[in-house]
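I am opening a notebook page on a structure that is new to me. My plan is to look up how its side chains meet and to write down what I find.

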Amino acid sequence: MDEHKVLQGIYDEVPKELLSLLEDDAIEKDNVTFCIWRKNSDTNWHKGNVEIPKGESDGSDFLVGCIFHTPEDFIEFAIDYFELSPSIDVVSKIYDDFPITEEMINILNPDCDVMEVLQELELLRLRS
């Protein structure tokens with residue numbers, strides 16, 4: 001697939017309120033192979049009606065496989081991919097929308113900069 005060309009229709013069905021999020025400088029919306037979205041009220045993920053050239057892949061099968069529906073799914077991935085075994089209690093709280101605390105971050109990754117993670121989470125909260 002041409003790496004420098006966004007396939008026609010990739011953003012056509014994205015709701016306007018979500019499409020505006022792609023204007024962030026950190027996002028390279030002209031350098032993508034697929035776009036999926038789900039509003040809070042949706043029960044399913046959506047994807048634009050794009051024709052992928054025969055014999056090509058947009059990469060979504062591999063990358064979307066990283067969206068986990070249950071805490072157990074994520075833990076299985078973390079064990080295989082990161083060789084980590086995160087706490088089911090902490091991961092379950094995150095899936096249940098509990099506020100993320102310094103303690104939770106330290107349990108999940110004691111080597112990370114907790115303040116940096118909290119700042120990133122706050123930026124995400126402000127954008128949504």
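Which residues do ring pairs link into a cluster? I noted first that the model is a predicted one, and then found that F74, F77, Y81 and F82 are the residues joined into a cluster by ring pairs.

I looked up the aromatic pairs next, and the structure holds 4 of them. One of these is formed by F77 and F82, which meet edge-to-face with 5.7 Å from centre to centre and 90 degrees between the planes. For Y81 and F82 I found ring centres 4.9 Å apart and planes at 85 degrees, so this pair is edge-to-face because its angle is over 60 degrees.

I then checked how open two of these residues are: F82 is partly exposed, with a relative accessible area of 45%, while Y81, with a relative accessible area of 58%, is exposed.

I turned to the largest nonpolar core, which has 6 residues, namely I10, Y11, V14, L22, C35 and W37. I kept in mind that nonpolar side chains tend to be buried together in soluble globular proteins.

From that core I followed L22, which, once its neighbours within four places in sequence are left aside, is in contact with Y11, I27 and K29. I also looked at K29 and Y11 together, and entered that the charged end of K29 sits over the ring of Y11, 6.0 Å from its centre.

Key. Residues are numbered from 1 along each chain as its sequence is written. This is a predicted model: local features need pLDDT of at least 70, side-chain atom pairs count only at pLDDT 80 or more; totals for chains, interfaces and linings use all residues. Side-chain values use heavy atoms; hydrogens and water are left out. A nonpolar core is a set of buried Ala, Val, Leu, Ile, Met, Phe, Trp, Tyr and Cys residues joined through side-chain atoms within 4.5 Å. Buried means under 20% relative accessible area, exposed over 50%, partly exposed in between (1.4 Å probe, protein chains only). Contact means heavy atoms within 4.5 Å. Rings of Phe, Tyr and Trp (its six-membered ring) pair if their centres lie within 6.5 Å; planes under 30 degrees apart count as stacked, over 60 as edge-to-face and the rest as tilted. A charge sits over a ring if NZ of Lys or CZ of Arg is within 6 Å of the ring centre and within 35 degrees of the ring normal.
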